[in-house]
Amino acid sequence: MDYEILLQKTHTIMKNYLKFITLFFIILVISCQNDDNNTSPNGDAIELKQHSISPVLLKKTPDFSNIEIYTLLSSEDTYVPNFTYGSMADGAGLLRNTDGTFTLINNIEADYSIARITLDETFKPIKGEHILNAIASAETAQCSGSLITLEEHGFGPLYLSGGEWGGNSKGVFVTDPFKHISVAAVPEMLPSLGQWSTENAVVIGKDAYPDKTVIFIGDDNANNEIPSGQLGMYVGDRGDLSGGRLYGLKVTSPNVTYEMDMEEGVPYNIEFVELFEKNIDLLDAEAKQKGVLGFSRLEDIDWRRGSGSNNREIYFCVTGRDKPGLIGKGTRSGRVYKVNLNPNNPTGLGTITCVLDGDKPNGKAIDFHSPDNIVVTENYAYIQEDPNGIEDFKPTADHFPRLYQYNLNNGAIKTVLECDQITAASVGYGTTNKIWEITGMIDISETIGANNTFLLITQNHGWEKADGTPFTDPTANPDIANSRKEGSMLYVIKGLER
């Protein structure tokens, strides 16, 4: 074989090899992309569909007619081993397991417990159990909750939940998501985070501050004379939940004594002052003495996803309280605030802005009726209502609980959906005079590999069994006779922008 023939054959082989390599990488890229039909990260098919025997009882608005809603599970479904999805389900977090299944951690507020629900590879619920029960919580309500993961926070997984009302275990609980059910009666709390009427405790993203763990605590204090719900902040080394320091938010701009002294859209200067007391009463007194600002029932908290600077953008809901002694001091209809943290030091100078004021006449949040829970993505905040009965002075609040979409980039707000309690009452799922709550919404898109996908919970106040027995699992709360009877529902929402 002469040299030219050998060169031609070599050239042909190399061309074919390059074509093969190019085709291989094209196929690889396509297979790794997550489109809106979506498969899970390892290629297993996720089937987002109706799994519960309970119907969808949420009514979409025209702006969101294309989203899909499915009831994933409810209190009337049955799961092994004899698990009941109990009363007032609330905060939640989702993990993907190494075998392709999923673990949902879910607070059951009125059963004073935390449930662990297993979903198979297709995202179908198959099992339920309780990893923290009413004995462990001393019958203290587990309200909002937040998941700590290695991917988002640099350590974990762990689950934080707030002890708010009912018992005397006020403060922050920390629970291993894979804790054995044999020790469900054994709690672990975080004394360094202080005792509050704790709605939630939320660790912000690991990119906010190198080597630091920053946790925000929402204080759902319901004082009728002085707004007393404070925003606490714990700062420790990365992954340290016990050796750090505790702070409270103080507004340093002049002429701000109460939250209603702050106008919508105006940034006010803040700092965080260190707090040393941990007992709930002593901590409250110290915070007030040091000028920590009080809000009228500070509820849920979340942080903006995206780049490192986004991680320092914090949002929280103040649900409001309609009491004569609070008028002019605390919000009545509810507000949403944004805190911009100092870029170099979480305790340094920053700003707070009321971005949505439900009390502002003819304002963009005029329809607000007690915003309670919030989940924040890169571009939107989704705000959930827990109506407290303010329609007597504000007709625009005369509606069933709503989910709102707030655009973080342009400030626009839209109504996504509303609880369809009229239909629900007509088919035996409660009444129209006991108003539900929308709560526990989390973004699960990246966990299941299905873009624009969320979980959302309704507390169906007034929905009770015909035989009078409660929707309460005795492994959650052994005191069945004194438990709440009403049920809860968990939904999947697909197609909601992030």
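Reader: By class, how many nonpolar, polar and charged residues does the lining of the largest pocket have?
Author: This is a predicted model, and in it the lining of the largest pocket has 16 nonpolar, 18 polar and 12 charged residues.

Reader: How much space lies in the largest pocket?
Author: About 1,100 Å³.

Reader: And which residues lie nearest its centre?
Author: Thr 149, Glu 152, Arg 305, Asp 443 and Thr 447 lie nearest the centre of the largest pocket, out of 46 lining residues.

Reader: Which strand gives the most to that lining?
Author: Strand 3 does, with six residues. Other elements that each supply at least two residues include strand 7, helix 3 (150-153), strand 10 and helix 6 (445-448).

Reader: What about the second largest pocket, how much space lies in it?
Author: About 240 Å³. It is lined by 17 residues, and Met 88, Glu 109, Trp 165, Asp 386 and Glu 437 are the closest to its centre.

Reader: What does the lining of the second largest pocket have by class?
Author: Three nonpolar, three polar and 11 charged residues.

Reader: OK, cavities. How many of 30 Å³ or more does a search of the whole structure find?
Author: One. The volume of the largest cavity is about 50 Å³.

Reader: Which residues line the largest cavity?
Author: Among them are His 153, Val 203, Tyr 209, Lys 212 and Arg 238. Strand 11 (residues 212-219) provides the largest share of the lining, three residues. By class, the lining of this cavity has five nonpolar, three polar and three charged residues.

Reader: Switching topic. You brought up strand 7. Is strand 7 enclosed by the rest of the structure or exposed?
Author: Nine of the nine residues of strand 7 (residues 140-148) are buried, so strand 7 is largely enclosed by the rest of the structure.

Reader: Which strand does strand 7 pair with, and in what sense?
Author: Strand 7 pairs with strand 8 (residues 158-166) in the antiparallel sense, over six bridges. For one bridge to look at, take Ser 146, whose partner in strand 8 is Leu 160.

Reader: What about strand 25, how many of its residues are buried?
Author: Eight of the eight residues of strand 25 (residues 487-494) are buried, so strand 25 too is largely enclosed by the rest of the structure.

Reader: Which residues are on each side of strand 25?
Author: Gly 487, Met 489, Tyr 491 and Ile 493 are on one side, with Ser 488, Leu 490, Val 492 and Lys 494 on the other. Both faces are covered.

Reader: Which strands pair with strand 25?
Author: Strand 2 (residues 68-74) pairs with strand 25 in the antiparallel sense over six bridges. Strand 24 (residues 453-460) is also antiparallel to strand 25, over eight bridges. On the strand 2 pairing, Ser 74 stands opposite Met 489. On the strand 24 pairing, Ile 457 has Leu 490 as its bridge partner.

Reader: Leu 490 again. How far apart in space are Asp 111 and Leu 490?
Author: They are 16 Å apart, C-alpha to C-alpha, and 379 residues apart in sequence.

Reader: Where is Asp 111 found?
Author: Asp 111 is in the loop between strand 4 (102-108) and strand 5 (113-119). Its relative accessible area is 0%, so Asp 111 is buried. Beyond its neighbours up to four places away in sequence, Asp 111 touches residues including Gly 86, Ala 134, Phe 471 and Asp 473.

Reader: Why does Ser 197 count as buried with a relative accessible area of 14%?
Author: Buried means under 20% relative accessible area, so Ser 197 at 14% is buried. Ser 197 is found in the loop between strand 9 (171-175) and strand 10 (198-203). Leaving out residues up to four places away in sequence, Ser 197 touches Gly 163, Lys 170, Asp 219 and Ile 280, among others.

Reader: Last topic. What pLDDT does the protein average?
Author: The average is 92, and 91% of the residues score at least 70. Over residues 1-43, though, the pLDDT is below 50, and this stretch has 27 contacts in the model beyond near neighbours in sequence.

Reader: How should I read a stretch like that?
Author: Where pLDDT is low, predicted coordinates should not be read in detail.

Key. Residues numbered from 1 in each chain as written. Predicted model: local features only at pLDDT ≥ 70, side-chain atom pairs only at ≥ 80, totals over all residues. Heavy atoms only, no water. 1 Å grid on protein atoms, 1.4 Å probe; cavity = no way out; pocket = protein on both sides within 12 Å on 5 of 7 lines; lining within 4 Å. Points joined across faces, edges and corners; volume = space filled by probe spheres on them. Helix = DSSP H or I, 4+ residues; strand = E, 2+ residues; numbered from the N terminus. Nonpolar A, V, L, I, M, F, W, Y, C, P; charged D, E, K, R; others polar. Buried < 20%, exposed > 50% of the residue type's maximum accessible area, 1.4 Å probe, protein only. Contact = heavy atoms within 4.5 Å. pLDDT = per-residue confidence, 0-100. Pairing = 2+ DSSP bridges.
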